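Thank you all for coming. Please have the sequence and the structure open while I talk, and stop me whenever a term is unfamiliar.

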Protein chains: 2
Amino acid sequence: MDGYAVRSEDTYMADEDNPVILKVVGRIRAGDTPNIQVKSGEAVEIATGAPIPKGCDAVIMVEYTEKEGDTVKIYQGVAPHENIQYCGSDIMAGELVLRKDTVLSPRDIGALAAIGKKKIKVKRKLRVALISTGDELIDPGRPLGECKIYDVNTYTLAASIRERGWDFKFYGIVGDKEEDLVKTIKRAIEDNNDIVILSGGTSAGSSDLTANVIEKLGGEIYIHGMKIKPGKPTVIGSIPGKDGIPKLIVGLPGYPTSCLTVFNVLFEGEKRSIRGHFPLRYISAKGRVEYLPVSVVRSSKGYAVYPVLKGSGAITSLTYSDGYIVIEEGKEILEDEPVEVHLFGNIKFGLSIIGSHCIGVDIILRESNIYAKTINVGSIGGLLSIKRGEGDIAGIHLLGEDGEYNIPFLEKYKVRDAVLIRGYIRRQGFMVRRDLPLETLEDILKNIDRYRFINRNKGSGTRILFDKFLEERGIDKSKIKGYNIEAKTHSAVGMAVATGRVDIGVGIETVAEMYNLRFIPIGEEYYDFLIRSEKLEDENVIKFIETLKKVDLPFKKPLNCGEIIYRC
Amino acid sequence: MDGYAVRSEDTYMADEDNPVILKVVGRIRAGDTPNIQVKSGEAVEIATGAPIPKGCDAVIMVEYTEKEGDTVKIYQGVAPHENIQYCGSDIMAGELVLRKDTVLSPRDIGALAAIGKKKIKVKRKLRVALISTGDELIDPGRPLGECKIYDVNTYTLAASIRERGWDFKFYGIVGDKEEDLVKTIKRAIEDNNDIVILSGGTSAGSSDLTANVIEKLGGEIYIHGMKIKPGKPTVIGSIPGKDGIPKLIVGLPGYPTSCLTVFNVLFEGEKRSIRGHFPLRYISAKGRVEYLPVSVVRSSKGYAVYPVLKGSGAITSLTYSDGYIVIEEGKEILEDEPVEVHLFGNIKFGLSIIGSHCIGVDIILRESNIYAKTINVGSIGGLLSIKRGEGDIAGIHLLGEDGEYNIPFLEKYKVRDAVLIRGYIRRQGFMVRRDLPLETLEDILKNIDRYRFINRNKGSGTRILFDKFLEERGIDKSKIKGYNIEAKTHSAVGMAVATGRVDIGVGIETVAEMYNLRFIPIGEEYYDFLIRSEKLEDENVIKFIETLKKVDLPFKKPLNCGEIIYRC
């Protein structure tokens, strides 16, 4: 403590009214080597961390003293040894400071510094060889040939390995030829890697290839195929290294989300999980433990956990997932129940936009630079998420019986404590390939049973609009080829038409333009924003609405854009 | 999916009993560019990830097929578009993949790879300049002069900065001279660091020095002194850089635990906390928010949270702390209540050894290489922790009224569901400096009111033994100089005697030998191990007992060492 080193017996009689006066015979700072012998009636000014001079047995804090010339008034007595730390009370010679096999934290490094250790011997980092297999893979940065895809797994695995504090080395992409794979694995083992990880091609056959190669190289297979979803084609084995020590060989599935999930399950990093509520209904894989990727949002009751349903082949399954939930083998349906989420890393929260997807939302987010999580569950899904207190904002475009947009549905579904903000007007219509002889609505109506259609998913505003269109014109749904084919986004529709898989799709004009398709309008709709009332004060929500009002969008904006048009 | 690409209408009639037979007209693997036009009645063998040939609109999984020569039997119908992923359903051209200012996770890196981005522009890492101040500091690895200490904060801060993914640069140790500090801070700012962190000397004056220097360099002080414990002398300000942008200057307290705690509070890393139970009584700092370092152990009811009470100057406060709890300003006493622990990192659990400290335990742990957390709360504290279901093992040495060791206390304190394992025999006695004319017990008894003693803390077995010794001989405690001075460990006693601060201490022979002190025995005692019954099956507990039995200890081992001598 900063204060005065004293002989405690000198201070026994001191109190606020009757201070003891001692003669200050010196001053000691931290780092000084004092050579003072303090006698009765004397004190030494002393700083925290400074050594105690001989003769003194206590330190009185500066707060209880008053200096006057070369004396000091002491206003409080101190007990012997008060405010003194003895040698050996922290660490004594011969004491254990750190145990073998400790993972060094900043605090452990501090302990090493404290005992003067500048260098210590540590184990070398685990070395992991990364090999990607599959004829379809191209390394990012190079031109993408037709029907090829970029190699993703090498990079997600490398980043995950670095997160764990291990080292990795790339061995590149190897085609599906066995001899190439043999050569590369051999090289990886000769390079003294501890683990060789192959992220398989997408094909089921690639796990057999990996298993073959392990055996061909004199190794052993421990596991070939796991009863989990995703991750069935996982292979685990070992091949003896130069030093005789077997090197672990792991063949991971090819789908990026599967690959990363199985990696996380096998090479557990920091265990981190949260509990949340799963508000939807999900039918689980039969006969396998399922690791379902999920996205987590804050809800009024804690956390809401949404499945990421794009499939483990999709990249956006990766970026949208905060973690996964484990559905045990016997469990068939997950519905409206609490779940535990194993996190991939930190959850990035921000604004939760749950509802119908629109490119206008992307533009607003980009322009406002708001961090948001968008979950596309369609207009009805968004409305329900607001009702449950999960989403902050839901984009909806729902055509009611009487032609009114959105408001009738808020009443029908008894949404409470929310407001509807007027958004913008989107033109919906048919998207048609430019090479087809379909230029007007009449052309389409005349040929409606001749061409191949693609529809949108149930619960989407576009589907409701299309159904109404058919009903009003008395057209039998069963006459429409592809009526039951459901695309989940406008862009999936656009792409299906643009690539010639179908002839006609239904969707918004903006997407038709994006894919250079002919657009034949069938109607205008209001794409509005349903917002939880309690979120209206949220700075991001305010920013969102402000941006909606002022930003240039490829849609028509009504005069009351950004204004509350309904309260429920 | 692996299987056959088909025209879905061809399969409508297929079932288990009436398979549809299709002609296999080709095979497409992932990465292939197919040029096949499939007609009615035909199928193409296809691998997951491969492009769909023209004419086909669905894939039937291989599980529902059987190949026969150049035909395939289809045992189940597929709907149009089943098992097909459309272009654009994952990411479409123009879609937002990653938002600006995203901290790149492995999954985000995967998304970049997927769209072929090998390189992207990222913000440079935050650069932090680290300066240690204090005349008493010596850089680890160099010889430690008298009354000096090694610089710890530079290293704990550097490791913490690296944990956050930032860069750091060392500017070394600067003494307490203002001109040196001015020069070093100037250099750190010229080097384009974003933040300059000074970890102050231990003295309170060093925060004033930092504040002075900030003002001298044309900077601004935002905060000088914080109402928290530890961390009062924290200084926060800024100094304009070459680019005109103010660089943050932070002066942290000098005590290692204070320094790291305030760093963690100011530069919040990942937020991680757990809830646990605080079983003891702790009197909090008045008028300040207190950040109390704690050690966490698993208990039968969740987590038990023990304060780390060595003081923020102690290094072991650092290594023993798993995190800290926040005691709000108005709260005076923390006692037997739930607390939230803000974690420094992962909690390393392992065996919990809570009780009296003995060097024998350190030896057993070192030899067995068991990872354990030892919390020194004295014999009574250890016994109570076992009773509450917190500690796994407690080392105890408690002398009962009738001369029997340990067992009477188990009965007195009504400990249940535990066993007492016989440990070893320690000799307790007086430790005396070799230059004093005290060679026998009689010498000490004759001079008992002449020499300066140091005692052990209440609740320690040694204290109980010493009290009994005095009582049996009818010696008045008040006659003993220093009876009320309490050292918390044997080694603190040894060091106090060895350095001449006191003349006589009470403790075990092993420590007397370690400090080269004369040892005058007053009795033998049993140092036994109290173990929770449910932990007897634990592999680490078994290993601990096995090691106790066979390892060489600097203590006498009775024949029944390692055996259960009492069950309660």
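Let me start with two helices from the two chains, H3 of chain A, which covers residues 153–163, and H2 of chain B, which covers residues 106–114. This is a predicted model, so please keep that in mind throughout. The axes of these two helices lie 8 Å apart, and the angle at which they pack is about 155 degrees. Because an angle over 145 degrees counts as roughly antiparallel, that is how we describe H3(A) and H2(B) relative to each other. The crossing itself, where H3(A) passes H2(B), is right-handed.

Which residues make this contact? On H3(A) they are A:Tyr155, A:Thr156, A:Ala159, A:Ser160 and A:Glu163, and on H2(B) they are B:Pro106, B:Ile109, B:Gly110 and B:Ala113. If we sort them by class, we find 5 nonpolar, 3 polar and 1 charged residues.

Now let us step back to the two chains as a whole. Chain A can be superposed on chain B, with an RMSD of 0.1 Å, by a rotation of 180 degrees with 0.0 Å of shift along the rotation axis. That is the relation of a two-fold axis. The two copies use the same surface, in that 100% of the contact residues of chain A recur in chain B. If you would like to find the axis on your screen, look for A:Arg272, since its C-alpha, at 4.7 Å, comes closest to the axis among the residues of chain A.

Next, the layout within chain A. The domain assignment gives four entries, namely domain 1 (3–74), domain 2 (127–266), domain 3 (273–349) and domain 4 (353–567). Between the centres of domain 2 and domain 3 of chain A, taken over C-alpha atoms, the separation is 26 Å, and 16 residues of domain 2 are in contact with 17 residues of domain 3.

Finally, here is a second helix pair, this time with both members in chain A: H8, residues 359–368, and H15, residues 539–550. Their axes are 9 Å apart and the packing angle is about 110 degrees, so H8(A) and H15(A) are roughly perpendicular to each other. Their crossing is right-handed. The contact involves A:Val361, A:Ile364, A:Leu365, A:Glu367 and A:Ser368 from H8(A), together with A:Lys543, A:Phe544, A:Thr547 and A:Leu548 from H15(A). By class, this contact has 5 nonpolar, 2 polar and 2 charged residues.

Key
Residues numbered from 1 in each chain as written. Chains lettered and ligands numbered in written order. Predicted model: local features only at pLDDT ≥ 70, side-chain atom pairs only at ≥ 80, totals over all residues. Heavy atoms only, no water. Least-squares fit on C-alpha atoms with pLDDT ≥ 70 in both. Contact = heavy atoms within 4.5 Å. Axes fitted to C-alpha atoms, helices over the stretch in contact; angles between N-to-C directions. Helix = DSSP H or I, 4+ residues; strand = E, 2+ residues; numbered from the N terminus. Parallel < 35°, antiparallel > 145°, perpendicular 65-115°, else oblique. Left-handed = near helix turned anticlockwise from the far one by under 90°. Nonpolar A, V, L, I, M, F, W, Y, C, P; charged D, E, K, R; others polar. Domains from an automatic or database assignment.
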